[in-house]
Protein chains: 2
Amino acid sequence: MVPGVLLVSQNAFAEAVGHSDPIAPALLALFVVLLAAKLGDELFERLSLPAVLGELIAGIVLGNLVLVNPAWSFLEPLRVTPIRENWALILDSLARFGVIILLFEVGLESTVKGMMKVGKSALLVAVLGVIAPFLLGFAVSWIFVKELPPALAAAVPGFSLNYVHLFMGAVLCATSVGITARVFKDLGKLQTKEAQIILGAAVIDDVLGLIILAVVSGIVSAAEMGRALDIGSILRLIGVAVLFLVGSLTVGAFLVPRIMGQLAKLRTGGMMIVSALLFCFGMAYLANAVGLAPIVGAFAAGLLLEEVHFRKFREDVEIEHLIKPISAFLVPIFFVLMGIQVRLEMFAQLSVLGVATGLTIAAIVGKQVCGLGVLERGVDRLSVGIGMIPRGEVGLIFAGAGRLLRVIDDATFSAAVIMVIATTLITPPVLKMVLARREGMNRVIG
Amino acid sequence: MVPGVLLVSQNAFAEAVGHSDPIAPALLALFVVLLAAKLGDELFERLSLPAVLGELIAGIVLGNLVLVNPAWSFLEPLRVTPIRENWALILDSLARFGVIILLFEVGLESTVKGMMKVGKSALLVAVLGVIAPFLLGFAVSWIFVKELPPALAAAVPGFSLNYVHLFMGAVLCATSVGITARVFKDLGKLQTKEAQIILGAAVIDDVLGLIILAVVSGIVSAAEMGRALDIGSILRLIGVAVLFLVGSLTVGAFLVPRIMGQLAKLRTGGMMIVSALLFCFGMAYLANAVGLAPIVGAFAAGLLLEEVHFRKFREDVEIEHLIKPISAFLVPIFFVLMGIQVRLEMFAQLSVLGVATGLTIAAIVGKQVCGLGVLERGVDRLSVGIGMIPRGEVGLIFAGAGRLLRVIDDATFSAAVIMVIATTLITPPVLKMVLARREGMNRVIG
């Protein structure tokens, strides 16, 4: 073998001759991630633990292999922000599609009517579940954070520490419903009042979180500039978001049956699933465009679509059955990637760990107030409180916004990340336990 | 509204406050592409034309809107190589997954046994279908290409033009089976001998194309360096590819039932579809690793998996039904994106158009020799010849390799692109027509 024989580099030659597909590294990563997901699923299923926790742990193991041997760093590209490598970007996108599909699927199993029934409780649960963590977050920040981030202190000398606490409060507000929805779904309990209240509250939560983030960001950036708060644009942002939710649910209830009736007349194959996906992606995009999380749009799309709309399609299957293979493919990628992004070495930083513990306790305790918002009798308030715990990616996005505004420094950001990890990992086993206990009690009473 | 009130840029603020998801632009693009695909499908279905052609044309319309109004350039990021924008990369990847899933699905509908039955014909068809286009491509290049690409002429003064012709011959060799498979699939004719022979030939074709490209690239780069041809590494490349195909089909036939039997014992939900996808992605990756196209691996995976392997799974569905929603989602993306990448303005370049016409005729006529390779009686030789016409992305990859080695200049590359477009667009309607004629004849005879 004479490697120098080639004019072009070995790599380029191999690529040219072997016509290597740019998708190849993503195929390999996908293989590893899906395999890990299913192994995690299976192991935890056998241990009677939630499958989703198995996927998270599988991800944590994969991602932290690098701590065992620095050479096993192949998954590092998935753990940096922003993602730079193409294959990592592809996997990250599939994961994002995964959580969108998950919430769409969960929405499909619920109806607008069912949500309306628990509407008042959901609203109350959401409001309480935003106020309490906000105050607790403020308090934790007040206890632990004694000085401004250096960059901010240098830029705006008179900046008040209270603004930092305000932001930390905001970080704790919004529930991330993916984890909880998955646990209820795995247990076949999405139809219970507890699940419906949590889902409704999580949607309202996202709107409230948006409002709080908008207001706090507005206050902070105005303070940084020494100018007045731009209330007009904040109000407009909020108005559009509320309009989107109310509008899509009312206009949608009118339009969707008609549109689906038209689509059912088309003769092309695969029309049913593609129509559903078009609706899901379209609503997710619109939600994002008005400043809400895409998953809120996907959930609303699922709520609006009901089995009856598909009756007239030529295909003789239920839409839930068509979405299932897609979610079986994409959803585990989301949870494994969440696990991969956990950096276990962060837990070793003592300075961060104090704030992290405080934030985590505030996050958990804060949401337990939610149970008080439940108006219906016979609904398990504890499950509602537990189900609202996970903060997930929304909390991270909020913390990221704070970092952008320079009120949150790297150490506090790390603490917020640990809080997200902890609330994410705690919820599945505790929720499963609480639901099982509840079932046992019902059996005794019945 | 006072836009200057914010310290961070408006954009960063909007992103921070509205927690905009990085997936949002991809969601929008996906919405547009899927909608266009289904509209194209429906229109062509009603015109009794192949649905896949509808998707290609829908893509051509979308991509060339920019010719109508330069402001409508939103899809341009999908038309540049290499792709730079994240959303375009995501769509491109979904398209690549799409064609992998398509070939896997096609493989699922065929069996190793069925392929072996037509093995001799497939081999003969493949060999003839590689030799004839190679010679014709050489001839066309000899007629039209009268001087070396300037860059190469400057670098290697004594370089022979014959090497350029050699490369152009290689570009015409490999069939791209996606289009043909889709037409047979849409017509429910994948089980016919014609389809089986074409599929088998296309797989062998890819191996032959790999060999030719390896040899020609080796000769050309050796000539460019003025050194001897590195036969050793070329032989190794070929050996590995052949070993992969033969090995996977023989070892796979033994191992797959056992592995699937073990997997069937697992209790986790979604095991059946995820097992199938793992196998598909794994084989696609391996095929790519040995220098073959990933779709060849996906097809082999589909061939090896048979319905009987899934009997023991808890889930009471057929694997074809599980893969269908995924392919209904991903496959149209591939065809619309192929259409989007067609630059209609290229057809206006007269200098390129001559070579392009010559190449296209050589590509079409060259594959008609394939019919002679069919040994079975009662098999329609014309459909086999037509079905082998499309060159698709493999031809482009070969031409790209030539450009990398500097033997193919931009004009000739454009001509190769037009050849790929033309063979892709011609095949579906002609193949459908030929198959219908054949059916009519059978009815008369019967």
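Which side chain meets that of Glu105(B) in a salt bridge? The side chain of Lys185(B) does, at 3.6 Å from N to O; a salt bridge here is a side-chain nitrogen of Lys or Arg within 4 Å of a carboxyl oxygen of Asp or Glu. Keep in mind that this is a predicted model, where local features need pLDDT of at least 70, side-chain atom pairs count only at pLDDT 80 or more, and totals for chains, interfaces and linings use all residues. Residues are numbered from 1 along each chain as its sequence is written, chains are lettered from A and ligands numbered from 1 in the order in which they are written, and side-chain values use heavy atoms, with hydrogens and water left out.

**How the two chains are related**

- Chain B lands on chain A after a rotation of 180 degrees with 0.0 Å of shift along the axis, at an RMSD of 0.0 Å (copies are superposed by least squares on the C-alpha atoms of residues with pLDDT of at least 70 in both).
- That is the relation of a two-fold axis.

**Where the chains meet**

- On each side the count is 84: that many residues of chain B are in contact with 84 residues of chain A, contact meaning heavy atoms within 4.5 Å.
- The copies meet through the same surface, because 100% of the interface residues of chain B are also interface residues in chain A.
- About 7700 Å² is buried between chain B and chain A, and carbon and sulfur atoms give 75% of that (buried area is the accessible area, with a 1.4 Å probe, that two parts lose on being put together, summed over both).
- Several helices of chain B each supply at least two residues of the side that touches chain A, among them α1 (10-17), α4 (86-108) and α10 (193-225); helices are DSSP runs of H or I, at least four residues, numbered from the N terminus.
- The largest share of that side, 12 residues, comes from α2(B).
- Sorted by type, the residues of the side of chain B that touches chain A are 52 nonpolar, 17 polar and 15 charged.
- Looking for salt bridges between chain B and chain A? The count is 0.

**A closer look at Ser93(A)**

- Ser93(A) sits in helix α4 of chain A, residues 86-108.
- Ser93(A) counts as buried at 3% relative accessibility (buried means under 20% relative accessible area, exposed over 50%, partly exposed in between, with a 1.4 Å probe and protein chains only).
- A polar atom of the Ser93(A) side chain lies 2.7 Å from the backbone oxygen of Leu89(A).
- Setting aside neighbours within four places in sequence, Ser93(A) is in contact with Ile23(B) and Ile90(B).

**Salt bridges**

- Over all chains, a search of the whole structure finds 22 salt bridges.
- Back to the opening pair: Glu105(B) is in helix α4 and Lys185(B) in helix α9 (residues 177-186) of chain B, 80 residues apart.
- Glu105(B) counts as buried at 3% relative accessibility, while Lys185(B) is partly exposed at 23%.
- Another salt bridge joins the side chains of Lys367(B) and Asp205(B), at 3.4 Å from N to O.
- Lys367(B) is in helix α15 (residues 350-368) and Asp205(B) in helix α10 of chain B, so this pair ties together parts that are 162 residues apart in sequence.
- Lys367(B) counts as buried at 0% relative accessibility, and Asp205(B) counts as buried at 0% too.
- Glu76(B) and Arg79(B) meet through their side chains at 2.8 Å, N to O, and Arg79(B) counts as buried at 7% relative accessibility.
- In chain A, a network of salt bridges links Glu76(A), Arg79(A), Arg343(A) and Glu345(A).

Key:
Nonpolar A, V, L, I, M, F, W, Y, C, P; charged D, E, K, R; others polar. Polar contact = N/O pair within 3.5 Å; in protein donor to acceptor, adjacent residues only side chain to side chain.
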